[in-house]
Amino acid sequence: MGGRILLRIEDLDPVRSRPDLIAAIEADLIWLGLRFERPVLHQSSRLDVYRDAIASLAERGFAYPCFCSRATMSAAVETLEARTGRPWPRDPDGVPHYPGSCRDLTNAEIAVRRGAGALPLWRLHGERARAAAPGPHRWTTFDAFGDTGCRIAEPHRWGDVVIGRRDVPASYHLAVVIDDDAQAVTHVVRGADLLAATDIHVLLQALLGLDRPRYHHHALVRDGKGDKLAKSKGSESLADLRAAGWTACDVRAQVGFG
């Protein structure tokens, strides 16, 4: 398609984003024959940008601090299910919607919790956000041949999604839409496991006045048993394949780009 390739290091996780792993990503891509522009953007250098975005959303009533732990949230959901006799709504990943325990905290209550040393995460106020940007929010798909299609986002499926973590002032959802706009990204290629997340991305784009790229969600690369490759399961890495004698041409042919 004649595009430019941009590599972005999404190193918001301070534990897993080690320099040696980042270097390995660049080495793997270069070995495969992909050439990307420099300098490479590191999200860890843009924390103030994400912090300002959350502050803007909060000032407009579209974000709020949440002090709940996973345990207290699970307990609240169990109580609600017992009270109503119905399953509590879940997002496309199967996680229960946030029950809203901190949604209506007063400034005084927030100050007391902060004063006691509690660190909040930040949630998107889904109902207010959807009311302010009701849509329908359409986004354009494209395939390997450049042909386009259209989908309509369904952000209600996610409830009050997390947009800022306790340890860093952003979640994946918030950071990628801000950085896509900042880097003038026109076409996004990502795995099919992130298809549903585009619901939240297009809503955030509408709220923040950001440009919307086109999206392609490709099938996942799986092992011989059909399972998704994962470091946690010890799946073979590109470095493992190189050590076993594979060439970059072998890898490209295996995934359909011979």
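Reader: How many residues lie between E5 and E6 in their hairpin?

Author: Let's start with the two strands in this predicted model. E5 covers residues 138–142 and E6 covers residues 148–152; they run antiparallel and are joined by five bridges. One of the pairings puts Thr141 opposite Gly149 in E6. In the turn of the hairpin, Gly146 has a positive phi of about 90 degrees, and the number of residues between E5 and E6 is five.

Reader: Is Ala184, with its positive phi, buried or exposed?

Author: Good one to look up in the loop between H6 and strand E8 (187–191), where Ala184 is found. Most residues other than glycine have a negative phi. Ala184 is not a glycine, yet its phi is positive, at about 55 degrees. Exposed means over 50% relative accessible area, and Ala184 reaches 54%, so it counts as exposed.

Reader: Which helix gives the most residues to the largest nonpolar core?

Author: This core has 26 residues, and those touching the most other members are Leu57, Leu124, Ile163, Leu174 and Leu207. Helix H2 (47–59), H6 and helix H7 (198–208) each supply at least two of its residues. With five residues, the helix that gives the most is H6.

Reader: How many residues of H7 are buried?

Author: Buried means under 20% relative accessible area. Among the H7 residues that pass this test are Thr198, Ile200, His201 and Leu207. H7 is mostly covered, and of its 11 residues the number buried is nine.

Reader: What is the volume of the second largest pocket?

Author: Let's look at its walls before the number. The lining has 25 residues, and the closest to the centre are Arg70, Val95, Leu121, Arg123 and Val162. By type, the lining divides into 11 nonpolar, four polar and 10 charged residues. The volume of this second largest pocket is about 900 Å³.

Reader: Which residue follows Gly135 through a cis peptide bond?

Author: Most peptide bonds are trans. The bond after Gly135 is cis, with omega near 10 degrees. The partner sits in the loop between helix H5 (126–132) and E5, and its name is Pro136.

Reader: Where does Pro39 lie?

Author: Here is another cis peptide bond, from Arg38 to Pro39, with omega near 5 degrees. To find Pro39, look for helix H1 (19–32) and strand E2 (41–42). Pro39 lies in the loop between H1 and E2.

Terms used:
Residues numbered from 1 in each chain as written. Predicted model: local features only at pLDDT ≥ 70, side-chain atom pairs only at ≥ 80, totals over all residues. Heavy atoms only, no water. Pairing = 2+ DSSP bridges. Helix = DSSP H or I, 4+ residues; strand = E, 2+ residues; numbered from the N terminus. 1 Å grid on protein atoms, 1.4 Å probe; cavity = no way out; pocket = protein on both sides within 12 Å on 5 of 7 lines; lining within 4 Å. Points joined across faces, edges and corners; volume = space filled by probe spheres on them. Nonpolar A, V, L, I, M, F, W, Y, C, P; charged D, E, K, R; others polar. Core = buried A, V, L, I, M, F, W, Y, C linked by side-chain atoms within 4.5 Å. Buried < 20%, exposed > 50% of the residue type's maximum accessible area, 1.4 Å probe, protein only.
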